[in-house]
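Student: Hey, could you walk me through this one? I'd like to go piece by piece.

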Amino acid sequence: METIAQRYARLRALVPSHVRIVAVTKFQPLESVIEAVEAGVSDVGENYVQEARRKYDANGLPKPVTKHFIGHIQTNKAKAIAATFDAVQSVDRPEAAEALAKAAESLGKRLPVLLQVNISPSERYGCLPDQAERLAEAIRARTSLRLDGVMAIGPITKDRTEMARAFQLAAEAFARVGGDTFSIGMSGDWEEAVRAGSTMIRVGTTIFGPRPARPVSKNAVM
Ligand SMILES: *Cc1c(COP(=O)(O)O)cnc(C)c1O
């Protein structure tokens with residue numbers, strides 16, 4: 001069996017060096033994250049605040065990492081998200097921007113964020129591409145947020161043409177929004193994403209292997 005270090009090294013060698021790799025650690029135990037960080041991972045992504053806190057608050061990592069929030073933003077969790085994470089990739093509506101901005105302000109922090117655009121019917125969240133500019137304006141009006149670019153989740157499909165078409169929509173939104181960070185591409189579609197101009201891929205399975213089942217206890221996760 002390949003180790004996490006071997007899988008990460010192989011991926012890092014395949015992905016162009018200007019593309020940042022965010023290792024998605026959701027449902028992965030801390031031991032696996034430590035292995036990944038020892039292998040060179042510098043950015044991690046998590047979808048759930050409570051899980052991230054349990055994993056990262058104890059600070060059992062050998063090196064500091066940049067923690068990205070990539071899950072759905074519930075406004076009542078904005079404070080916890082702003083306190084726990086270094087960057088938030090999933091700002092998809094004005095209410096989320098407002099709640100995060102207030103939270104960051106109260107923490108005396110300027111939070112780097114990405115605007116999440118919806119490019120696929122299989123994805124529940126994200127603002128529609130034609131609303132991206134208006135949302136970008138709302139984010140830029142908030143001094144406690146720094147808008148760095150766009151994030152999108154590709155369609156659940158094996159059809160490469162469909163992937164490329166969806167990423168094209170995201171690229172158009174990124175061009176209108178501006179910034180230097182274009183976060184598209186996951187384990188199954190990062191090659192198409194890189195071809196479409198990705199500067200940041202978010203990869204779980206390819207680095208860690210199949211994800212463990214989501215913990216059943218509600219308290220443990222959300
Ligand atoms: C889980 C997740 C990923 C990683 O998915 P893999 O297919 O395991 O690479 C990337 N982005 C988001 C938003 C996710 O929720």
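Tutor: Sure, we'll go through some strands, a couple of residues and then the ligand.

Student: What kind of model is this, and how are residues numbered?

Tutor: This is a predicted model with residues numbered from 1 along each chain as its sequence is written; local features need pLDDT of at least 70, and side-chain atom pairs count only at pLDDT 80 or more, while totals for chains, interfaces and linings use all residues. Side-chain values use heavy atoms, with hydrogens and water left out.

Student: OK, strand 4. Is strand 4 largely enclosed or not, and why?

Tutor: Strand 4 covers residues 87–91, and five of its five residues are buried, so the rest of the structure largely encloses it. Buried means under 20% relative accessible area, exposed is over 50%, and partly exposed is in between, using a 1.4 Å probe and protein chains only. Strands here are DSSP runs of E with at least two residues, helices are runs of H or I with at least four, and both are numbered from the N terminus.

Student: Which strands pair with strand 4?

Tutor: Strand 3 (residues 66–69) pairs with strand 4 in the parallel sense over two bridges, and phenylalanine 69 stands opposite valine 88 there. The chain gets from strand 3 to strand 4 through helix 4 (residues 78–84), in a right-handed β-α-β crossover. Strand 5 (residues 111–117) also pairs with strand 4, parallel and over two bridges. To count as a pair, two strands need at least two bridges found by DSSP.

Student: What does right-handed mean for a crossover?

Tutor: Point the strands away from you: the crossover is right-handed if the path from the first strand over the helix to the second runs clockwise. Strand 4, helix 5 (residues 94–106) and strand 5 make a right-handed unit of this β-α-β kind.

Student: And in strand 5, which residues stand opposite valine 88 and valine 91?

Tutor: Valine 88 stands opposite valine 113, and valine 91 has leucine 115 as its bridge partner.

Student: How many residues of strand 5 are buried?

Tutor: Seven of its seven, so to speak a mostly covered strand. Leu111, Val113, Leu115 and Val117 point one way, while Pro112, Leu114 and Gln116 point the other way. In a regular strand, side chains alternate between the two faces of the sheet.

Student: What's on strand 5's list of partners besides strand 4?

Tutor: Strand 6 (residues 145–152) pairs with strand 5 in the parallel sense over seven bridges. Valine 117 stands opposite alanine 152 in that pairing. Helix 6 (residues 132–140) joins in too: strand 5, helix 6 and strand 6 form a right-handed β-α-β unit.

Student: Zooming in on leucine 111, what does it touch?

Tutor: Leucine 111 touches Ala82, Phe85, Leu100 and Leu145, among others, leaving out residues up to four places away in sequence. Touching, or contact, means heavy atoms within 4.5 Å. Leucine 111 has a relative accessible area of 0%, so it counts as buried.

Student: New topic: where is serine 183?

Tutor: Serine 183 lies in strand 7 (residues 181–183). Its relative accessibility is 0%, which means it counts as buried. Its side chain makes a polar contact of 2.9 Å with the side chain of glutamine 89. A polar contact is a pair of N or O atoms within 3.5 Å; within protein, one must be able to donate a hydrogen and the other to accept it, and residues adjacent in sequence count only if both atoms are side-chain atoms.

Student: How about strand 1, what does it pair with?

Tutor: Strand 1 (residues 20–24) runs parallel to strand 8 (residues 200–203), paired over four bridges, with alanine 23 opposite valine 203. Two bridges join strand 1 to strand 2 (residues 43–46), also parallel, and valine 24 stands opposite glycine 45.

Student: Last thing: which side chains have an N or O atom 2.6 Å or 2.8 Å from a ligand oxygen?

Tutor: Lysine 26 has a side-chain N or O atom 2.6 Å from a ligand oxygen. For serine 187, a polar side-chain atom is 2.6 Å from a ligand oxygen, and for arginine 211 the distance is 2.8 Å. The protein covers 90% of the 390 Å² of accessible area the ligand has on its own, by the Shrake-Rupley method with a 1.4 Å probe, where for residues only the protein chains shown count as cover.
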